[in-house]
Amino acid sequence: MMKLAAFLLAVASSTSALELTPDNFAAETDGKTVFLKFFAPWCGHCKALKPDWDKLMEEFAGSSTQLIADIDCTAGGEPLCGEHGIQGFPTLKWGDPADLQDYEGGRSYDDLKAFADANLKPLCSVKNIDLCEPEKKTLIESYLKMDKDELQSLVEKEEEKIANAESNFESELEKLQAAYEKLSTEKDQTIADVKNAGLGMMKSVLKSKDASDGKDEL
């Protein structure tokens, strides 16, 4: 009986689980605030998270404004993982599907559920422009007035800024690494030179003098 119950629970969980790919991403996330798990099936941390994440997906299944789903970075969801810069597993992101934010909270079911309850609400977006602050509303309206090519060009310029910042970071990091290695080598050489110059013998003689002074006092 217990095995049957476990089997039925697994079946129920799998039927409520939604896995996103480029083919269904737009349709499934349209007008919703999302909470997404980018994962790889072989990942140990992903396997550990799966029961609580599946339970969370079941809890929010059927919502018209909230979506909790999986994205398999080794299968159909791989292009989405590349698009969102996923570098480790599991990675959790949430918010407007067009502007996902990193989730950095706890990963127990209680932590995930509390976060979802507090944050998976309609957000300021193109679909929910009435929820926007005046400044953001004006910004969205200005973008809506642009033709597609003009907006695409603007997006590319902003993405280029990010790419340049990342490239500069990597370049400067390489310089720091080179400087670190140089300093480390210089330090090791100085230590070796000092020891080879007789530091050990100096300490040994000093220790013998201390011992001799002690005998003289007696």
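Contact here means heavy atoms within 4.5 Å, and I note that definition first, since my entry on the helices over the sheet leans on it. I also note at the outset that this is a predicted model.

**Overall plan**

I began with the list of elements and found 7 helices and 4 strands in the protein. Reading from the N terminus, I wrote the order down as α-α-β-α-β-α-β-β-α-α-α. I then looked up burial for the whole protein, and of its 218 residues 26% count as buried. For the contacts between residues at least 6 apart in sequence, I found that 64% join residues at least 24 apart.

**The sheet**

In which order do the strands of the sheet stand? I read it as 2-1-3-4, an open sheet of 4 strands with mixed pairing. Strand 2 (66–72) and strand 4 each have a single partner strand and stand at the edges, so one side of each is left without a neighbour in the sheet. On average, neighbouring strands of this sheet are turned by 25° against each other, with direction ignored.

I next followed one pair, strand 1 (residues 33–39) with strand 2, and found them paired in the parallel sense over 7 bridges. Within this pair, I saw that T33 stands opposite Q66 in strand 2.

Strand 2 held my attention for its burial as well. I counted 7 of its 7 residues as buried, so strand 2 is largely enclosed by the rest of the structure. Both of its faces are covered, with Q66, I68, D70 and D72 buried on one side and L67, A69 and I71 buried on the other.

**Helices across the sheet**

Which strands does helix 3 lie across? I found helix 3 (residues 44–60) across strand 1, strand 2 and strand 3, running at about 150° to strand 2. Helix 5 (residues 109–119) also lies across strand 1, strand 2 and strand 3, and I noted its direction as about 145° to strand 1.

**The largest pocket**

I then turned to the largest pocket, for which I recorded a volume of about 2,000 Å³. Its lining is made up of 42 residues, and those that lie nearest its centre are D96, P97, A98, D99 and L100. The elements that give two or more residues to this lining are helix 2 (25–29), helix 4 (78–83), strand 3 (91–96), strand 4 (99–102), helix 6 (134–145) and helix 7 (148–217). Helix 7 provides the largest share, 8 residues. Sorting the lining by class, I wrote down 19 nonpolar, 11 polar and 12 charged residues.

**Single residues**

Is A26 buried or exposed? I placed A26 in helix 2, and with a relative accessible area of 58% it is exposed, since exposed means over 50%. I also looked up how A26 stands to A98: the two are 72 residues apart along the chain, while their C-alpha atoms are separated by 9.6 Å.

My last entry concerns a peptide bond, the one that joins F89 and P90, which I noted as cis with omega about -15°. P90 has its place in the loop between helix 4 and strand 3.

Definitions and conventions
Residues are numbered from 1 along each chain as its sequence is written. This is a predicted model: local features need pLDDT of at least 70, side-chain atom pairs count only at pLDDT 80 or more; totals for chains, interfaces and linings use all residues. Side-chain values use heavy atoms; hydrogens and water are left out. On a 1 Å grid over the protein atoms alone, a cavity is a set of points where a 1.4 Å probe fits but cannot get out, and a pocket is an open set with protein on both sides within 12 Å along at least five of seven lines; lining residues have an atom within 4 Å of a point. Grid points are joined across faces, edges and corners, and a volume is the space filled by probe spheres set on the points. Ala, Val, Leu, Ile, Met, Phe, Trp, Tyr, Cys and Pro count as nonpolar, Asp, Glu, Lys and Arg as charged, and the others, Gly among them, as polar. Two strands pair if DSSP finds at least two bridges between them. Axes are lines fitted to C-alpha atoms, for helices over the stretch in contact, and angles run from 0 to 180 degrees between N-to-C directions. Buried means under 20% relative accessible area, exposed over 50%, partly exposed in between (1.4 Å probe, protein chains only).
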